[in-house]
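Visitor: Hi! Could you walk me through this one?
Guide: Happy to. Let's have a look together.
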Amino acid sequence: MVDFNKITEGVIQGDSTVTLALVRAALDSSIPAKDILEKGLIPGIKKVGDLFGAGEYFLPELLVSGEAMLDAVKILEPELAKGDIPPKGKFLIGTVQGDVHDIGKNIVVMMLKGNGWKVTDLGVDLSPEAFCSAVKEGDYDIVGLSALLTMTMPSAVQTLEALKVAGLRDKVKVVIGGAPVTKEWADEIGFDGFASDANEAVRISEALIT
Amino acid sequence: MQKLTGVERILKTIKHQEPDVVPHFELLHHKKVRDAILPGASYADFIDYMDIDGFLPFDKVWNWSYETVDASKNIKRDQWGGIVQFTSEDLGHPIIPAIKTMKDLDSYVPPDPDAEWRYNDLRQLIKRWKGQRAIIAHVTDAFDIAKESLLGDVAYFKAMIKNPEIVERCNEIVTNYHLRFLSNCIDLGADLVLVSGDWAMTKTPMASHEQTKRFLAPPLKKCVELAHSRGVPCLKHTDGNIWPIHDILIDYCGVDGLHPIDPMAGIDMAEAKSVFGDRCCLMGNVSCAATLSWGTTEEVRQETREVIKKGGKGGGLIVMSSNTIHSGVKPENYVAMIEAIKEYGKYPLDWSKLVPTYWTGGGK
């Protein structure tokens, strides 16, 4: 009998060793990978996100828990692929031109993956053209822009404009996050969503594709 | 009141005494803004032209060494061994950290803080301004260097939980360099020390109170102790919501000034003044994320006035932007901020100018 709560707790505690051992044991007991993910791991990373949002967890705990989660997902991936389980959605993310700060973006990537999203991370300092090209070639539900500096907020606006000019704006939802960005500003510019942290990024992304 | 020099103005306000006027300096002025105000001038000439009270030669720009790794991609190795890519905005993005294993750490050779060339510019600045403008020796703090150049940010944060020894050894390497570097700067004539590096994000500190005290604070505390032992104040810059850790910065580490009292993190100058403004000089907090970049000159004037009203009583205030005069700041707004400091920041403060008329019941 597999206790999903223990897997959840392993993620919350950021204990990769325990989490991986429990996930392997569950697979050996023929528990479907989908159940391990949805009943064990995802509740764990959601709780971690909540603790981070509540100011009880900080970056060290968040990253250690994220690592436990992602290591476990790697073990499940071959089984998940067999079951042809679709991801929750497809997310393209990158830091806008002129900006190189990426720990916030990387945490969003980690939390999205942990919550069942397929994420393509384009990296940092990306031109509007780079975003357009990726959107044109890919099949994404959401594009996430990260702008940590005030001086790079215009780059985010230019990216949104470039998507419109290229006729790609209606193909995807575009969301933004980053320290200087506010919801009011994001609404005024015409973004589909704004997230002030990784947990909110997951929440609004789920809401946007529902 | 007798007109003070820039350095006198800054040192007096740090001692919580009222100078002749609220002082001002910045961590950085982007070349684009400087050129718009005084085309073609050197940084030092710009400081003189704007009559700014102090100058801070930012360490990464003025006294770190870099070795080109790939010129076509603007990739360099910084002096700590971290591989960094520079963008169009000339910001460094860490790509590969110097230390990946304990073995790397065992054989690590730190940069030489005594290298003569590091102090060439400082000597020139001191020759030019000693006694007139404050010369502020600057170091990027051990936390920043360890997580960006030495270990990488993700590895650093994980190591706080999984391998604290590697974090503490990195701290020691950087701190030894800093103590030697700062001591040399003070020997040459630096008037103050400023340690920069963000400890907090917009909503919360990056690490818990306990982790902050264990890993982030000791290197800063040592810099403060060194500065104080030489009779020099030590200032600290960190963005973000520092409320949960302000006791560590001010009471445990003993910093003499704190920048930027981050408005983006919701830190209010008046609240900071009332909670710790009696024992720590407040530095900030005209928003370079909002008003200086997007606002009008009148909005900048009003915000500067508000900062002085909330933080200026009894000294203990240096009006600065909330981070730097970055490339997105409107040049005319920076000029408006400096003019507003001179207009509203004269001591004794003129409260009839600082308090809007509707608060006093006057006016129509």
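Guide: Keep in mind that this is a predicted model. A good place to start is a pair of helices in chain A: A:Lys6, A:Ile7, A:Gly10 and A:Val11 in H1(A) meet A:Val18, A:Thr19, A:Leu22 and A:Val23 in H2(A).

Visitor: What classes of residue make up the contact of H1(A) with H2(A)?
Guide: There are five nonpolar, two polar and one charged residues in that contact.

Visitor: And at what angle do H1 and H2 of chain A pack?
Guide: The angle is about 155°, and the axes are 8 Å apart. H1(A) is therefore roughly antiparallel to H2(A).

Visitor: Is the crossing of H1(A) and H2(A) left-handed or right-handed?
Guide: H1(A) passes H2(A) in a left-handed crossing.

Visitor: What about H1(A) and H3(A), what angle do they make?
Guide: They pack at about 35°, with axes 8 Å apart. Their crossing is right-handed.

Visitor: Which residues meet there?
Guide: From H1(A), they include A:Phe4, A:Ile7 and A:Ile12, and on the H3(A) side A:Ile36, A:Leu41, A:Pro43 and A:Val48 are among them. By class, the contact of H1(A) with H3(A) divides into nine nonpolar, four polar and two charged residues.

Visitor: Let's zoom out. Which domains does chain A have?
Guide: The domain assignment gives domain 1, residues 4-82, and domain 2, residues 90-209. The C-alpha centres of these two domains of chain A lie 26 Å apart.

Visitor: How many residues does each domain of chain A give to the contact?
Guide: Domain 1 of chain A gives 11 residues, and domain 2 of chain A gives 11 residues.

Visitor: On the domain 1 side, where does the largest share come from?
Guide: From H3(A), with six residues on the side of domain 1 of chain A that touches domain 2 of chain A. Helices H3 (33-53) and H4 of chain A each supply at least two residues of that side. In terms of class, that side has seven nonpolar, three polar and one charged residues.

Visitor: Switching topic: in what order do the strands of the sheet in chain A run?
Guide: The order is S2-S1-S3-S4-S5 in chain A, where five strands form an open sheet with parallel pairing.

Visitor: Which ones are the edge strands?
Guide: Those are S2 (118-121) and S5 (193-195) of chain A, each of which pairs on one side only. From one strand to the next, the twist averages 25°.

Visitor: How many bridges join S3 to S4 in chain A?
Guide: Five bridges join strand S3 (residues 142-146) to strand S4 (residues 173-177) of chain A, and these two run parallel. As an example to find in the view, A:Gly144 has A:Val175 in S4(A) as its bridge partner.

Visitor: Which strands does helix H9 of chain A lie across?
Guide: H9 (residues 198-209) lies across S1 (90-95), S3, S4 and S5 of chain A, and H9 runs at about 160° to S5(A).

Visitor: Last thing: how many residues does each chain give to the contact of chain A with chain B?
Guide: Chain A gives 20 residues and chain B gives 27 residues. On the chain A side, helix H4 (59-82) and helix H5 (103-114) are the elements that give two or more residues.

Visitor: Which element gives the largest share of the chain A side?
Guide: H4(A) does, with five residues. The side of chain A that touches chain B has 12 nonpolar, five polar and three charged residues.

Terms used
Residues are numbered from 1 along each chain as its sequence is written. Chains are lettered from A and ligands numbered from 1 in the order in which they are written. This is a predicted model: local features need pLDDT of at least 70, side-chain atom pairs count only at pLDDT 80 or more; totals for chains, interfaces and linings use all residues. Axes are lines fitted to C-alpha atoms, for helices over the stretch in contact, and angles run from 0 to 180 degrees between N-to-C directions. Helices (H or I, at least four residues) and strands (E, at least two) are DSSP runs, numbered from the N terminus. Angles under 35 degrees count as roughly parallel, over 145 as roughly antiparallel, 65 to 115 as roughly perpendicular and the rest as oblique. A crossing is left-handed if the near helix is turned anticlockwise from the far one by less than a right angle, and right-handed if clockwise. Two residues are in contact if their C-beta atoms, placed from the backbone, lie within 7 Å. Ala, Val, Leu, Ile, Met, Phe, Trp, Tyr, Cys and Pro count as nonpolar, Asp, Glu, Lys and Arg as charged, and the others, Gly among them, as polar. Domain bounds come from an automatic or database domain assignment. Two strands pair if DSSP finds at least two bridges between them.
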